[in-house]
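Student: I would like to go through this structure by asking what justifies each label. Please set the values against the cut-offs as you answer.

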Amino acid sequence: MSSGLNRLTDLEKPATEDARLKRIQTALKRYDARPDALIEILHIVEESYGYVPLWMMALLAKEMKVPPSRIYGVVTFYHFFSLKPKGEHTCVVCTGTACHVRGSQRVLNDIEDEFSVRAGETTPDGKLGLQTARCLGCCSLGPVTVIDNEIIPKSEPEKIVALIHEKAGI
Amino acid sequence: MNASFTITIDNQSVEATPGESLLEVCRKANIPLPVMCDFKGLSPVGACRLCLVEIEGVPKLLPACTTLVAPNQAVHTQSDKLRKYRRMIIELIFSERNHICAICVANNNCELQKMAYELGMDHVRFPYLTPVCEVDASHEKYVMDHNRCILCTRCVRVCSEIEGAMTRDVMGRGFDARIITEFKQPWGDSTGCTSCGKCVQVCPTGALTPNDAAQGRLKKNPELVALLIEKREAKP
């Protein structure tokens, strides 16, 4: 996480304008580009793009008059925001205590092996992003897996792997 | 409204005004407290935890810099318990990054080193984390060595509160937390940095240094920044 500094060229806005950018601009207008609406706007960015691109941070810094370092600090502080594209489909495996005791590590290991992806990363083809969470608050359903925002209770490794194959088409 | 009251610090009566922090009161009364992250004139953050004090009736230790005075407070700044905790805290600070005095530019001119001597640290009981840290030497005058950073955030605060450039902040959490310039860019690429060097002067360790400093030859002048803060506060 700490290695690798960003270059000035990473901050340039891509030439293409699309509906996602419109959505951000509308949000900026709605919040009057107030600096205290930074987190709300970052939420919309994360939802629209699946991550927070550097050029978007540069744009927000300029529009909202928030120091660049502050925006970068906020984005890296909260696990909700990511700096890299997340993948078309997401799979979150709960590794909280209750799920761990019920065998979530085996679920996670099987997914990692099957799709050659490590937790916190995305497959090279961008189809599947694998993440872990510490307790989703429904321990009685453990081990819990979330595939594309759908909670799968009492996950079994084989079934989860099959389900990902089916949903992500890989 | 601002009627002053009396509090007890180490069994002596000290005058305090509402809104003051315990550290400010201790300073006025010449009661020494170890501090690392605090810098007079910058907002307190309570990052280093070295100024922990005991307050009668409060079950936990509280940092003097972010604890406000209250009437009838009875505070203790020296006790075996506090000495034990302060020793532990300074050892934890040392174990977090790669602090090797013998090869450091700030050797013998380092607030962290001085503090460790003062608190009687003779060894570190915790395993060193030895994180892989970068050295950013891209600036034309200064170097940032994250190996020697203790995340006191003095540089962050002096940049935003005194210089007003706001080029610095902290990214990430815990083990991954780092001081960054702009969008985690090389310092030399920063368009907002005014190269004023206040961050270098207030840095308590060898993390921020002029790039022409030889090993053990560093001279810092935090008093200059302290004076500057005073002047700006007293501005007619």
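Student: Which strands form the open sheet of chain B, and in what order?

Tutor: The model is a predicted one. In chain B, three strands make an open sheet in the order S6-S7-S10, and the pairing is antiparallel.

Student: What makes S6 and S10 of chain B edge strands?

Tutor: Strand S6 (135-136) and strand S10 (208-210) of chain B each have a single partner strand, so one side of each is left without a neighbour in the sheet.

Student: How do you know that S6(B) and S7 of chain B count as paired?

Tutor: Pairing requires at least two bridges between the strands. S6(B) and strand S7 (residues 142-145) of chain B have two bridges, in the antiparallel sense, so the pair meets the criterion. On the residue level, B:Val135 has B:Asp145 in S7(B) as its bridge partner.

Student: Why is B:Phe5 called partly exposed?

Tutor: A residue is buried with 20 or more other C-beta atoms within 10 Å and exposed with 12 or fewer. B:Phe5 has 13, so the label is partly exposed. B:Phe5 belongs to strand S1 (residues 5-9) of chain B.

Student: What does B:Phe5 contact beyond its neighbours within four places in sequence?

Tutor: The contacts of B:Phe5 there are B:Ala16 and B:Pro71. In addition, the C-alpha atoms of B:Phe5 and B:Asn72 are 8.2 Å apart, with their positions 67 residues apart in sequence.

Student: Which residues of helix H3 of chain B are buried?

Tutor: In H3 (residues 111-118) of chain B, the buried residues are B:Leu112, B:Gln113, B:Met115 and B:Ala116.

Student: How do you know that these residues lie on the same side of H3(B)?

Tutor: Around the axis they cover an arc of only 160°, which places them on the same side of H3(B). The general background is that an α-helix has 3.6 residues a turn, so residues three or four places apart point the same way. Helix H2 (80-96) of chain B is included in what covers the buried residues of H3(B). Just after H3(B), B:Gly120 has a positive phi of about 75°.

Student: Where do the two domains of chain B lie in the sequence, and how many residues of each are in contact with the other?

Tutor: The domain assignment gives domain 1 (5-78) and domain 2 (94-233) for chain B. Their C-alpha centres are separated by 25 Å. Across the boundary, 11 residues of domain 1 of chain B are in contact with 19 residues of domain 2 of chain B. The side of domain 1 of chain B that touches domain 2 of chain B has eight nonpolar, two polar and one charged residues.

Student: What is the corresponding domain assignment for chain A?

Tutor: Chain A is assigned domain 1 (8-77) and domain 2 (89-168). The C-alpha centres of these two domains of chain A are 30 Å apart. Chain A has seven helices and four strands, following the pattern α-α-α-α-β-α-α-β-β-β-α along the sequence.

Student: Why is A:Lys154 called exposed?

Tutor: The exposed class takes 12 or fewer other C-beta atoms within 10 Å. A:Lys154 has 12, so it falls in that class, at the cut-off. A:Lys154 is in the loop between S4 and helix H7 (157-168) of chain A, and its phi is near 45°, a positive value in a residue other than glycine.

Student: Why is A:Asn149 called exposed?

Tutor: A:Asn149 has 7 other C-beta atoms within 10 Å, and the class allows 12 or fewer, so A:Asn149 is exposed. A:Asn149 sits in the loop between S3 and strand S4 (150-152) of chain A, with a positive phi near 65°.

Student: What makes the peptide bond from A:Gly142 to A:Pro143 stand out?

Tutor: That bond is cis, with omega near -5°. A:Pro143 is in the loop between strand S2 (128-133) and strand S3 (145-147) of chain A.

Student: How many residues of chain A are in contact with chain B, and which helix gives the most?

Tutor: 18 residues of chain A are in contact with 19 residues of chain B. Helix H3 (54-64) and helix H4 (68-77) of chain A each supply at least two residues to that side of chain A. H4(A) gives the most, with seven residues. By class, the side of chain A that touches chain B has 11 nonpolar, six polar and one charged.

Conventions
Residues are numbered from 1 along each chain as its sequence is written. Chains are lettered from A and ligands numbered from 1 in the order in which they are written. This is a predicted model: local features need pLDDT of at least 70, side-chain atom pairs count only at pLDDT 80 or more; totals for chains, interfaces and linings use all residues. Domain bounds come from an automatic or database domain assignment. Two residues are in contact if their C-beta atoms, placed from the backbone, lie within 7 Å. Ala, Val, Leu, Ile, Met, Phe, Trp, Tyr, Cys and Pro count as nonpolar, Asp, Glu, Lys and Arg as charged, and the others, Gly among them, as polar. The arc is that of the directions from the helix axis to the C-beta atoms.
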